[in-house]
Every structure is written in C-alpha cells, then in structure tokens.
Amino acid sequence: MVSGTVLMQLAIFSLSIGLLYALVGVGMAIIFGVMDVVNLVHGGIVILGAYMGLVFINTFEFNLLLFALPIAPIAFVLGAILEIPIIERVVGKGHMVSMVTGWGLLTIAVESLRGIFSPNPQLIMFTISGNYGFELIPGVQLPASRAGVILISIPALLLLYYFLERTKLGLGIRAVSQRSSVSELMGVNPKRLRWIAYGVGTASAALGGVGISLMHSWVPFYAHYYTLIAFLVAVIGGMGSIPLSIGGALLLGTVYTTTAYFVDSTFAMVLFFLIFFVSVGIMGRRRGE
Amino acid sequence: MDSEMLNRSGIKLLAPIGLVILAFIMPYIVGSSLLGIFALLIIWTILTLSWVILYWGGLISFGQAGFFGISAFLLHLMYVNLGTGWIMGTIGGVLVCVLIGFIISRLTMELSGAFFALSMLAFHYFSYQFSLFTMGDRQIANIPQFPAFFSNSLVTRYWFLLIIAIVIIILAYKIRTSLFGLQLRSMDKDEIAAESMGVNTRRNRMYLIMISGAIAGLAGSLYTSHYGFLTSFTIFKPRFSIWIIPFALLGGAKSPFGAVLGTIILYAGDRLVLSAIFPEFHGIFFGLAAVLVMLFMPRGILGWVKDRYGIEIP
C-alpha cells in the first residue's frame, strides 16, 4: 500500500516536471498556430537555454533565480534573428521544406553546443540560500531544484497566457493563427506578428531549458527528445490551445513520474514513446488537410 | 539512329559500368585506411537509399536508425540464442523490420508530413530506450561475420558491401522507374488527386514503409558485422537518422543516383577534409548543408544540372 506521504511527494515531482513540459510545449503550439511550421529547432533552443543557465550560474554565482530573468529577452532576440532571414523564407512552402530546414538548424544547434561545451553530461547543484531542499511536512521533501522549476514556470505560463488573451499583440497572434488571410484584411501585419510569435515561443523554450538545467543533468542530444516532448504537448493540446496543452503536460508529467517511481525510469521513457505513438496517431492531422 | 544518339546511349551504358569497375578495383588503388572509409561510405549509401525511397512517396522520416539498430541487435540475439549465421540472422532482422514497418504504417496511416516524420523520430528513441531497458549499455562482441569467403579481410568485406549496395541501387532504380514508382510520384505531388485517379495510396504507403524498413535493417546488420561490436549507444546514434537527410537532398533525392552522389560528396568530404580540420564542430556542416540546400537548391545537384545543362539523370 502506498502511503500518503509518498503520494504527496509524487504529486510535487509530477507538478514540477509537468509544468516544465508545459513551458516547453506551449511555445511549439504558438509557433505552429501562427506559422503552420513544426518548429523542430525547439528542442535545440531548450538545450541552449539549459547551457545559458549553466553559464549564468557559473559566471554570476547567483543563488536566487534572478539569473533566469535576462534569458527570456536574449532568447526572444535570438528567435527573431532566426525567424526573419531563415524561417520566414520557408513559411507557406509546405511541410517538407520547413521540416528539413528546421532539422538542419537543430543539427547546427546541437553540434555547436556539443563542440563548445563537450558532449559530457552537465549538472548544476542548485540551492536556494544555501539549502538543497525543504521539508514541507515530515517525509515530504521539496528539493530546491523543483522549487526553482515551479517558481520559473508558473509566472512564465501566466505571463504568456496574459500576453495572448489580454493584449492587442496577443489578439493579433490569435487572429493570424485562426485565419491568416482574413486577419490581413482586418489590418494585421502577419509578417511582423510571425517573428514576434516566434520570439515568444523561443523565449518560453529557453526558460524551459533553464528549468531543465536546475532539474536534471543533460547532454546536447537531449534536444531531439525535447523537440518530441514539445510536439507531443502541442498535439495533446490540439496544436494551439494553451490551457489544454498545460493540462496535457501535467498529465504526461504524472505518468512519467509515477512510472519512474514504481517501475523504472528507462521503462518510463519506453512508455512515454508509446504514448507518443498512440496520441499522435489519434490526434494528428488527417492527411490531405 | 544517328551517331549522336548512339553516342548518348553508349555513354549511358558505359558510364555506370566504368564506375562499377572503378569501385571494384578500388582496393588496388587506395590504402587500407581509405578503403575503410569507403566501406563505411557504402553502408551509409544503403541507409540513405532507404530514406530516399520513403521520400519518393512524399514521406519524410527522422528515424531510420530505429530499423538500423533493431536489425543489428537481432543479428546478435539470433546468433547467441539460435546459433544462426550472418545470412539467416540478416534475413530474420530484415523480416522483423518489415513487420515493424507494417505496424508503423498501420499506426501512422492517417498522418500528414510533419506528424509522420516526428513519429519516426519517436520510433527511433523508443527503440533506443527499449534496447537500453533490456540490454543495458554494455559492449557486445558476439556478432556473426560476413559469410565464408567475404569475412577474410577488409578488401573482401569491401567487395561484399559493394555487391549488396549495387543490388540495392538497381532495386531502387527499378522501383523509381516502375509503375509503383509512378504511383509514388503522383502520391508525392498530390495525394488526393492520386487517390481519385485510382492509386491505392494506403497500400502503397504500407509497402513503402516496409521496403524502407527492410533496406535500413539490411544496412544495420552490414554495419554491425563490419564493425564487429555494438552497444545500444553506437547502434542507435542520432547521426544515422540525421546525416542521411542532407546526404540525400544535396545530390538530388528524386533519383537514386543523386542520393549516392550526395552521400559520396558529403561523407567523403567530411571524413577526409572537414573532420580533420574541425574535429569538434564537423557535425555542424550536415545541418548547414540541409538548410542551404533547402533555401537555395531544393532539388539538389542533379536538379541543378538538369536546369542548367538539360542533362537528365533518371
């Protein structure tokens, strides 16, 4: 019989990993909605964010989460730099061209990170004012890394939701993702909104990467894995809905954590890819659409 | 038939024969280190062809390494448990890959481009994690050698690989020029139109994934026996799924010869030049090649030659 403290512990772990998946996946959903491009570079940006976290922590030796603040604007600029000369040229040319271009960019990102930082696993021992963790109630731990992930992802997700639902730019982005040609008639400039949306998606991916740098060790080739996670979260959310994506991500996090606890973490990965096949098979776009 | 046409058909026949003879006498021209690179180049060519065949039907796969590694593992497992040699082990591995291709085609039957491609990437990672789960990451050396005469030395192994590669190239050429290939072409252009013209797209798609899986599996068991050992990590390396895409697209993925040309240029260029100059960063060039080809030369070298000089290579 599983005790109550174990369940609470699992709930904390599921929540943190689920929020991380949500942060990674929401950006993918926004970009797909606005540009109809499956952004394969996403996982590369995530891992880049993790390395940025590493560099910032090693350089400035912050023991608070302040180092995460500059990463989002840097990633936004990086996204705009990627979008305007490269991604913009493949929008509307069909999935084949955009996918291969994205795949090439992902390879460039992974290989340059591998060259710069070596292929070895990286790990940050994250502390909050000297503590590796807090005991909430006897038997239930909140590690500092998980607390950091929750502290990064909840404000980021709320901010993203506010941006999309309450601001004028967000309204434009939603209009373009519903019907680009009609929104153009209504006075929206899709070209400008595309790079803004791409930048926002990239920034959320990089923040997700910061969460990864706190939570577990990583190597550059995890980029492919996180592209898959982001895609899966976006697919579960119906390629565009943010609340549904977050719900799906939390569900994925719960499944992963409980399987890893009760069976084995490698088996959890096997199960994860089975879920991928089934859910993409059910919810994927029909052919010819 | 006037002389010009005779010349052309003569060249058409003589050029491939000359290249094949050149490939066969290669061991007498170059040293053994270069020959080792050429042997690997041949395996890469076979793997690239498995990707290209899918591409003809309008499908992009990011996970050919899944078939590659599964067949390699089966070669080892059948050798240890059943005592089969290379031929039976490879047949078993290829048949299992065909079966997996059937299952994948059933699961992904309704998926369009990007969804299928990422499903294949998930398949690659699924099989990698599954092999880690069952086998761990230990190094395995119980691998059957190539059949009888061919396992003697690097030169004979090179010839064995070459013979198989030529068979696969001819097979791919036959697929491309057959009625099946024509149907694939129509599916690539417009799937709904092809369906309404009476092309059975679902069945063709299933055959396509099965054939591609079989060829990738063959490449996997060739690679493993050539190397002589395997681990989960070496056999499911992401590069087996990544590099073949720029290989195929650089040469011109619409033709089997374009795929071979792209593989020769990029792989030999990487092993002989780039990885010597940039040992840490040479992987970047494969991504760069994919991006540049897509932006500036989407039909590859052969497509460019056709536009520029009007020479069409099938």
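Glu111(A) is buried, at a relative accessible area of 7%. The model in which this residue sits is a predicted one. The side chain of Glu111(A) pairs with that of Arg114(A) in a salt bridge, with 3.4 Å from N to O. Both residues belong to helix 4 of chain A, where they stand 3 residues apart, about one turn of the helix. Arg114(A) is partly exposed, since its relative accessible area is 22% and the buried class ends under 20%.

Over all chains, the structure holds 5 salt bridges. Another of them joins Arg174(A) to Glu165(A), with the closest N and O atoms 3.8 Å apart. Here Arg174(A) is partly exposed at 28% relative accessible area, and Glu165(A) is also partly exposed, at 30%. In chain B, the side chains of Asp307(B) and Arg299(B) form a salt bridge with an N to O distance of 3.2 Å. Asp307(B) counts as exposed, with 56% relative accessibility, whereas Arg299(B) is partly exposed at 45%.

Glu83(A), a residue of helix 3 (residues 71-90) of chain A, presents another case. Why does Glu83(A) have no salt bridge to Arg194(A), the nearest side chain of opposite charge? The distance to Arg194(A) is 4.6 Å, and a salt bridge requires a side-chain nitrogen within 4 Å of a carboxyl oxygen, so the pair does not qualify. Glu83(A) is nevertheless buried. Leaving aside residues up to four places away in sequence, Glu83(A) touches Met35(A), Glu88(A), Arg194(A), Trp195(A) and Tyr198(A).

Met35(A), one of those contacts, is followed by a residue with a notable backbone angle. Asp36(A) is not a glycine, yet has a positive phi of about 55°. Asp36(A) is placed in the loop between helix 1 (4-35) and helix 2 (42-60) of chain A, and is partly exposed at 39% relative accessibility. Ser118(A), likewise not a glycine, has a positive phi of about 70°. Its loop runs between helix 4 (95-117) and strand 1 (133-137) of chain A. Ser118(A) counts as partly exposed, with 25% relative accessibility.

The next topic is helix packing. Two packed helices are described by the angle between their axes and the distance between the axes. In chain A, the axes of helix 1 and helix 9 (residues 222-236) come within 7 Å and cross at roughly 75°. Helix 1 and helix 9 of chain A are therefore roughly perpendicular to each other. On the side of helix 1, the contact is made by Tyr21(A), Val24(A), Gly25(A), Met28(A) and Ala29(A). Helix 9 contributes Tyr225(A), Tyr226(A), Thr227(A), Ile229(A), Ala230(A), Phe231(A), Val233(A) and Ala234(A).

Chain B offers a second helix pair. The axes of helix 7 (residues 154-177) and helix 14 (residues 256-277) of chain B come within 9 Å and cross at roughly 140°. That angle makes helix 7 of chain B oblique to helix 14 of chain B, because roughly antiparallel would require an angle over 145 degrees. From helix 7 of chain B, Ile169(B), Ala172(B), Tyr173(B) and Arg176(B) make the contact, and from helix 14 of chain B, Pro256(B), Phe257(B) and Val260(B).

What remains is the predictor's own confidence. The mean pLDDT of chain B is 87, and 96% of the residues in chain B reach 70 or more. For the complex, the predictor gives an ipTM of 0.86 and a pTM of 0.89.

Key: Residues are numbered from 1 along each chain as its sequence is written. Chains are lettered from A and ligands numbered from 1 in the order in which they are written. This is a predicted model: local features need pLDDT of at least 70, side-chain atom pairs count only at pLDDT 80 or more; totals for chains, interfaces and linings use all residues. Side-chain values use heavy atoms; hydrogens and water are left out. Helices (H or I, at least four residues) and strands (E, at least two) are DSSP runs, numbered from the N terminus. Buried means under 20% relative accessible area, exposed over 50%, partly exposed in between (1.4 Å probe, protein chains only). Lys and Arg count as positive and Asp and Glu as negative; His and the chain ends are not counted. Contact means heavy atoms within 4.5 Å. pLDDT is the predictor's confidence in each residue, from 0 to 100. Axes are lines fitted to C-alpha atoms, for helices over the stretch in contact, and angles run from 0 to 180 degrees between N-to-C directions. Angles under 35 degrees count as roughly parallel, over 145 as roughly antiparallel, 65 to 115 as roughly perpendicular and the rest as oblique.
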